[in-house]
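Colleague: Before I rely on the descriptions of this model, I would like to hear how each one is reached.
Modeller: Then let us go through them once the structure is in view.

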Amino acid sequence: MAETTQTYEPGTHPDLPPPLATTGALGWIKKNLFGSPSSIALTVISVYLLYLILPNALNWALFDAVFNAGSRAECRELGSGACWGLANVRFSQFIYGFYPEHLRWRVNLTAVLFFLAILPILWDRTPYRQQWFIYSALFPIIGYFLLVGGLGLEPVETTKIGGFTLNVVIGVTGIVASLPLGILLALGRRSQMPIVRTLCVMFIEFIRGVPLITLLFVASTMLNYFLPPGTTFDLILRVLIMVTIFSAAYIAEVVRGGLQAIPKGQYEAADAMGLRYWQSMRLIVLPQALKISIPGIVNTFVGLFKDTTLVVIIGLVDVLGVGRAALSDAKWQGLAWEVYVFIAILFFICCFSMARYSLYLENKLHTGHKR
Amino acid sequence: MAAIEQESEQLTLGRLWSDKRYRAVITQILVVAGVFMLVAYLAVNAVQNLEALGKTFGFEFLQAPASYDINQTLIPYNSRDTHFRAAVVGLLNTGLIAITGCIFATILGFIMGVLRLSSNWLVNRIVYCYIEFTRNVPVLVQILLWHGVIVTTLGVPRNALSPMEGVYLTNRGFYVPRPVFEDGFGLVVIVFLAAIVGMIVFSRWARKHQEETGQIYPVFSIGVGAIIGLPLIAFFIAGMPMSFDTPELKGFNFQGGMVLKPEFTALWFALSVYTAAFIAEIVRAGIQAVSHGQTEASYALGIKPNWTMRLIIIPQALRVIVPPLTSQYLNLTKNSSLAIAIGYMDIVATLGGITLNQTGKEMESMMIVLMIYLTISLLISAFMNWYNRRIALVER
């Protein structure tokens, strides 16, 4: 043939395309799914597992599911899959608990205001960021009055706050209150003063050594003994205090890691500038230390938010409490899958977005070398 | 005159405060005084409150009969036993869930962590989904979910699900055959223990031999072979001195065999799966923390890939993995206290739950429970610190 015998001067041969099997979709599949014998085995096993699980799961959750039904018996007549009618009928209870129906707009408003309040914290290009922070600082007061009432708003008993709202309230309050406390504890643990340091270490290690549920038991059964006789103390407030203390100890350890990562030269430079202890901490050390501990802090917050479900054990009706109440209703008995999967999805959405945000921050703050 | 004196007085006070050394002393004195006052205030309140309620402080209640039942016990227990024994039963149940949970979570976590680094895209994605889903859902929800699934989805003993002969899955528990040891089984146990001791000695010798000559023995496969194979041979020589007591349906429930209660199974499974997701991330981060140059250097020296993994990567990765792994074990142990939500009788459910409610000794019960958890935490971290020191980088 003419083509095969054609000769080229060195360096004049046109570039040939890479072999078909190494580019495009085919190349990708070959490389990522069938790269080696063990990879082939893994692919086959995974596909088989997916074949076993995925169709059943999808049929159950979507195709055979019943979305509108008034009871379990009705669901079973309409379809063989999940009975989402339960979540549908009780949706507002899952979210608001027993908050009075005509006042639920206040919960919604608080949620909207809350997102506005955290916007400048999450997004560093918010317009008028400095001024906006003033509103963020005021938000806890606004939120408190909106939820509990007072100042001309119809008062609502704290026991009426329930459902997912209660989880969010406990989570957010715990997060906001534990951060300053945790920073103080971390500074105390790194302090030069032996007594202050020992007290902080003892406090942190004690809290970290016991499960949250025992602390909540202490709050619900024991705390009243330590208050002046005759004082009654709102259970939700007691829980909030315990949750705050608990997560402050964890925050303290995260912040301590950040403080330890700051080179000693920074402390010495601050001293050399003649700054006092609090000045050097506020202006030099903490801004750097907090910046590197943000991912850890967010992870602690995710953990705290998940732990808010524990309040169901001491009798508060959070989203899990509403779910368990629904399960003990004769109309809905036996729908454990539906109830808990629904709650799991609620938490997954919140926690996963927080975790992704932490990852985004980590990448943004990561200015060193990366492989 | 008086004005000047006052001013100099103020000045010295101001100086005291400006001097770093004095300020530290003053601050600490103030802190100690504040803490002391707070503790005293709380103690006085507690004494007054206890008096007002006519309660006394003391631990005699532990000797009183507990008069409640515990559905799963490791040591003999009945409702006429004391509160103290009930607490011990609870503590053993906590230990059982912590140890079995840690073992399963470690195995699952390491497998998942390695698979997460697999070059196979599909496996990588599946493991990623597993990790993200389990990590971001509260463990209490997962415990309740698995418990609910076992109790509501599985049938009563008469409609038991039987995946294989002698194994029955019911909503009252998983019934499995119980091994019955006959005379002569002692030989198998002795051979088994001897094999373990022998392997420890052999692996030490092999490591020393490797350090001296560079020769490597396949310690792992020899070890597995010896520890499993030798007892098996002994088992056949002794004439198979073991039979199985299989569960049988009698009336409304199974008789005989061994039963895993739904509470235990759900708690164990949920806790291990949850913790395994965290361990998988730790393992992945640990392996990734070992610089790629180490692998390349090892290949350049002509070391085979699996030897590179065992001799170069894993020893270095373990240093990064062990400290966070410790806190995961601690977390699992502490999370086992959620048992109370599904009625698994651990230390919180016995001493901190029923005993507390029956006797009204809130303070004493909670103090014991808190102290027990603190002790467990300190013991685990002491052990892991020791292990961590052993494998830590020895620098010149």
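**Chain B and its contact with chain A**

Modeller: This is a predicted model, and in it chain B has a radius of gyration of 29 Å, whereas a compact globule of 396 residues would have one near 21 Å.

Colleague: What makes 21 Å the value for a compact globule of 396 residues?
Modeller: The globule rule is 2.2 Å times the number of residues to the power 0.38; for 396 residues that gives a value near 21 Å, against the 29 Å of chain B. As for the extent of the chain, the C-alpha trace of chain B spans about 105 × 70 × 45 Å along its principal axes.

Colleague: How is chain B divided into domains, and how far apart do the C-alpha centres of these domains lie?
Modeller: Domain 1 covers 2-53, and domain 2 joins 83-138 with 263-391; the C-alpha centres of the two domains of chain B lie 44 Å apart.

Colleague: What makes a residue of chain B count as buried, and what percentage of the chain is buried?
Modeller: A residue is buried if 20 or more other C-beta atoms lie within 10 Å of its own, and by that criterion buried residues make up 29% of the 396 residues in chain B.

Colleague: How many residues does each chain bring to the contact?
Modeller: Chain B brings 51 residues and chain A brings 44 residues. On the side of chain B that touches chain A, H2(B) gives the most, with 13 residues, and the residues of that side divide into 32 nonpolar, 16 polar and 3 charged.

Definitions and conventions. Residues numbered from 1 in each chain as written. Chains lettered and ligands numbered in written order. Predicted model: local features only at pLDDT ≥ 70, side-chain atom pairs only at ≥ 80, totals over all residues. Buried ≥ 20, exposed ≤ 12 C-beta atoms within 10 Å, placed from the backbone. Contact = placed C-beta atoms within 7 Å. Helix = DSSP H or I, 4+ residues; strand = E, 2+ residues; numbered from the N terminus. Nonpolar A, V, L, I, M, F, W, Y, C, P; charged D, E, K, R; others polar. Domains from an automatic or database assignment.
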